[in-house]
Amino acid sequence: MIRQEKMVVVSQQQIARNIFELIVKGDLVQDMQEPGQFVHIRVADSFEPLLRRPISIAEINREESQFTMIYRSEGRGTSLLAEKAVGATIDVLGPLGHGFDVDAAKAKAYLIGGGIGVPPLYQLAKELNAKGVETVHILGFESKEAVFYEEKFKALGETHIATVDGSHGTQGFVTHILNELPKDFDTYYSCGPTAMLEAVQWAYPEKQGFLSYEQRMGCGIGACFACVCRTTKSETDYIKVCSDGPVFPAGVVIV
Amino acid sequence: MTNLTVNLPGLNLKNPIMPASGCFGFGKEYAQLYDLSQLGAIMIKATTAETRLGNPTPRVAETSSGMLNAIGLQNPGLEKVMASELPWLEQYDTSIIANVAGSQTEDYVEVARAISSAPNVHALELNISCPNVKQGGITFGTDPNIARALTRAVKDVSSVPVYVKLSPNVTDIVQLAKAVEEGGADGITMINTLLGMRLDEKTGRPVIANITGGLSGPAIKPVALRMVYEVRKHTDLPIIGMGGITDVTDVIDFLSAGANAVAVGTANFVNPFVCPEIIAALPEKLHDLGYESVEELVGRSHRL
């Protein structure tokens, strides 16, 4: 069920350059079904900025009715969000969309993330590990200052970091690491920039994969047709990233 | 007891609040959140004769207190709307206003004839004002002679009253209102979006793939209000007013300026519960202003 709730800020901290980790508490956590879903946040009570901001869910704590978001503060909306202090309330609409199919992986999965696409992979890694699936994490960032959650991912499995400028881990993109790794996994999951998703898809045409897409959204629930993408099914077939996705099996979405 | 009912051609509304076309799909998404029977009416997404896939993305961009969109009338086409969307809406006790769009007169006529025969369609909203399609749309809404002729052609085939949706992208909107009245329109809905654009600050490239888009949201409310006020001075046709409505105070403004009912568009994206919240707040607001019914308040700014 989708709810709109004033959730309370439990914690807010900067964890990398322009990257914030925000934990909020409220009932709608109980409705979160799967990793990869997102929430739609209203950052101001006024109409400036007007639209909600879609933000992915990084970690779900059902016992405490809390969840974690990790976001990049870069525009008017997210910089207002970064000002929310402990005890403040935030208007959250969610959980929205369809996430990663946790049951698809059998024994070993690659989790491949880029930048602000990394956060939803954390909850996914936790749930896969809980099911006994081995996870390998391949995460790309701009530079050393932008890296976050490295230790947390390491605690769950083998973790490789790439930075564009080479200031940490392998220099280059996640695909440079993928080229060096064995193909002994059964399923991959990926979230990040569209170019990265395309590259990952090309790297493993024979594997089962799931990709989380990003697209400019309006309503976030499927009514406004802003975030539509064509599919490989037919000339006239399309999906809405917000409500049909944001996660789709590899080979479905045309970007 | 405050009386919220409004009676207009084809529409016996339990209250004057309805979601605007294009901001509410065919209702399914919002039905997950609340009972659509609360709504005075629903203006469903524009329907064209054939399936339309719409414009390339990005299709939306935020602006100061507003947003631009260039969806491009994406819809499943007349056949599917008749076969699945409209029958699904029959479970709700609310009036359906079907928005009809096309690229040429024949398209409008075809869609209007068919969709007006659906048992739960109570009125048509003739879309002659979409700024985001290359053919048709706004070109029908900027030339009074063409608008008059199209209205007449659709009136001739429609089995329900026809409301014509006016574009604000004209020099004199009153002229267009008079033209569609002469064409036999039963009512007017106004305003559609204002044509605008936004550039990427780094590259100078338009943010919307269609280059231009329609501006909506609180930013356009003063323009919409002024236009409703002007048109009301020159016609007795029912007006369904819209443009930047976000709360009950905005509703009072539009009713005061002469709208008989109102539609809420972009605000649904910001607060998906905005329509039921406004409906709940309306009786007290009217009472506070000294009115016992919506109809008493309509047009009060013209009686001062």
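The following paragraphs describe a predicted model with chains A and B, beginning with the fold of chain A and ending with local backbone features.

Chain A is built from 5 helices and 17 strands. Its C-alpha atoms occupy a box of roughly 50 × 45 × 35 Å along the principal axes. For 255 residues, a compact globule would be expected to show a radius of gyration near 18 Å; the value for chain A is 17 Å, and the two therefore agree. Of the 255 residues in chain A, 50% are buried. The contacts within this chain often link distant parts of the sequence: when pairs at least 6 apart in sequence are considered, 62% of the contacts join residues at least 24 apart.

The domain assignment divides chain A into domain 1 (3–96), domain 2 (102–204) and domain 3 (213–255). The centres of domain 2 and domain 3 of chain A, taken over C-alpha atoms, are separated by 23 Å.

The two chains are in contact with each other through 24 residues from chain A and 30 residues from chain B. On the side of chain A that touches chain B, 14 residues are nonpolar, 6 are polar and 4 are charged.

An unreviewed UniProt entry lists Cys219(A), Cys224(A), Cys227(A) and Cys242(A) under "binding site". These four positions span 24 residues in sequence, but no two of their C-alpha atoms are more than 10.2 Å apart, so the cysteines gather at one spot. Two of them were examined individually. Cys219(A) is located in the loop between strand 13 (208–212) and strand 14 (228–231) of chain A. This cysteine, Cys219(A), counts as buried because 29 C-beta neighbours lie inside 10 Å, where 20 or more are required. When neighbours within four places in sequence are set aside, the contacts of Cys219(A) are Cys224(A), Asn268(B) and Phe269(B). The list thus joins another cysteine of the annotated group, Cys224(A), with two residues of chain B.

Cys227(A) also belongs to the loop between strand 13 and strand 14 of chain A. With 27 C-beta neighbours inside 10 Å, Cys227(A) is likewise classed as buried. Residues up to four places away in sequence being excluded, Cys227(A) touches Gln215(A), Arg216(A), Met217(A), Lys240(A), Val241(A) and Cys242(A). Among these partners, Cys242(A) is itself one of the residues that UniProt lists for the site.

For chain B, the "binding site" positions that UniProt lists in an unreviewed entry are Lys45(B), Asn69(B), Ala70(B), Ile71(B), Gly72(B), Leu73(B), Asn127(B), Asn192(B) and Thr193(B). Ala70(B) falls in the loop between strand 6 (66–69) and helix 2 (78–89) of chain B. Around Ala70(B), 28 other C-beta atoms lie within 10 Å, and the residue is therefore buried. Ile71(B) is placed in the loop between strand 6 and helix 2 as well. Ile71(B) is buried too, with 26 other C-beta atoms within 10 Å.

Several peptide bonds and backbone angles also merit description. In chain B, the peptide bond from Thr57(B) to Pro58(B) is cis, its omega being near 0 degrees. Pro58(B) is situated in the loop between strand 4 (41–47) and strand 5 (60–63) of that chain. Another cis peptide bond connects Met190(B) with Ile191(B), with omega at about 10 degrees. Ile191(B) lies in the loop between strand 10 (187–190) and strand 11 (194–196) of chain B. In the UniProt list for chain B, Asn192(B) and Thr193(B) are among the "binding site" positions.

In chain A, positive phi values occur at residues other than glycine, including Asn18(A), where phi is about 65 degrees. Asn18(A) sits in the loop between strand 1 (3–16) and strand 2 (19–25) of chain A. The surroundings of Asn18(A) contain 16 other C-beta atoms within 10 Å, so this residue is partly exposed. Tyr149(A), which is not a glycine either, has a positive phi near 60 degrees. Its position is in the loop between strand 9 (134–141) and helix 3 (150–154) of chain A. Whereas Asn18(A) is partly exposed, Tyr149(A) is buried, with 24 other C-beta atoms within 10 Å.

Technical notes
Residues are numbered from 1 along each chain as its sequence is written. Chains are lettered from A and ligands numbered from 1 in the order in which they are written. This is a predicted model: local features need pLDDT of at least 70, side-chain atom pairs count only at pLDDT 80 or more; totals for chains, interfaces and linings use all residues. UniProt positions are given in the numbering used here, feature names are shortened, and annotations may be inferred rather than shown by experiment. Helices (H or I, at least four residues) and strands (E, at least two) are DSSP runs, numbered from the N terminus. A residue is buried if 20 or more other C-beta atoms lie within 10 Å of its own, exposed if 12 or fewer, and partly exposed in between; C-beta atoms are placed from the backbone. Two residues are in contact if their C-beta atoms, placed from the backbone, lie within 7 Å. The radius of gyration is taken over C-alpha atoms; the globule rule is 2.2 Å times the number of residues to the power 0.38. Ala, Val, Leu, Ile, Met, Phe, Trp, Tyr, Cys and Pro count as nonpolar, Asp, Glu, Lys and Arg as charged, and the others, Gly among them, as polar. Domain bounds come from an automatic or database domain assignment.
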